[in-house]
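Open the model in your viewer and keep the selection box at hand. Each stop below names what to select and what is there.

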Amino acid sequence: MSLNNLLPDAPPDAADATQRPLDFLIVDDSAVMRAVITKLVRMSGLPVGQIHHAADGAKALAVLDAHSVDLMTVDINMVGMTGDELVRRLRADPATATQRVLIVSSERREERTRDIEASGGGFLQKPFDAEELRAAVLRVLEISDA
């Protein structure tokens, strides 16, 4: 899928104005980090729709019960339900098993990265900028930047 083809039959010159907005769920126990990721999403040049927030895994599951999102960013190290546990629960539930997830964390272990990518997700190491976030989102959503 191409970023310019998120909406079918859009005239080429109108593609930027008519792209289907992407809805996000940002899951992080740090309010500051949720705000930073929100700002970077908006600065990324991606077509942004709704941005939902959750301070922990349980709240993220509640948001997903009420809203459909294109992509979740999930911190690994959270109080209560960790990001790993949240992803395990998503994959175990048929309703959320295919949910696209981008793990954002300051720690990176190759085994964890492989497992995440094998289950339809991606990994982005903190700190990152808007361009790195954009590239990771497009990679996880399998959208070309052409």
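Select Phe24. Beyond its neighbours within four places in sequence, Phe24 is in contact (heavy atoms within 4.5 Å) with Val41, Leu46, Val48, Gln50, Ile51, His52, Val69, Leu71 and Val137. The model is predicted: local features need pLDDT of at least 70 and side-chain atom pairs pLDDT 80 or more, while totals for chains, interfaces and linings use all residues. Residues are numbered from 1 along each chain as its sequence is written, and side-chain values use heavy atoms, with hydrogens and water left out.

Now add Leu102, Phe128, Leu133 and Val137. Together with Phe24, these have the most contacts inside the largest nonpolar core, which has 22 residues. Such a core is a set of buried Ala, Val, Leu, Ile, Met, Phe, Trp, Tyr and Cys residues joined through side-chain atoms within 4.5 Å. Buried means under 20% relative accessible area, exposed over 50%, partly exposed in between (1.4 Å probe, protein chains only). Two or more residues each come from β1 (22-27), α2 (31-43), β4 (101-105) and α6 (130-141). The largest share, 7 residues, is from α6. Helices (H or I, at least four residues) and strands (E, at least two) are DSSP runs, numbered from the N terminus.

Next, select β1. Which residues cover its two faces? Leu22, Phe24 and Ile26 lie on one side, Asp23, Leu25 and Val27 on the other, and all are buried. With 6 of its 6 residues buried, β1 is therefore largely enclosed by the rest of the structure.

Show the strands beside it. Strands pair if DSSP finds at least two bridges between them. β1 and β2 (residues 48-54) run parallel, joined by 5 bridges; look for Leu25 opposite His52. β1 and β3 also run parallel, with 4 bridges; here Val27 stands opposite Val74.

Move to Thr73, in strand β3 (residues 71-75). Is Thr73 buried or exposed? Thr73 is buried, at a relative accessible area of 1%. Leaving out residues up to four places away in sequence, Thr73 touches Leu25, Ile26, Val27, Ile37, Leu102 and Val104.

Last stop: helix α3 (residues 57-66). Its buried residues are Gly57, Ala60, Val63 and Leu64. Down the axis, they fall within an arc of 110° (directions from the helix axis to the C-beta atoms), so they line one face of the helix. They pack against β1, β2, β3 and α4 (83-92). On the face turned away, find the exposed Asp65 and Ala66.
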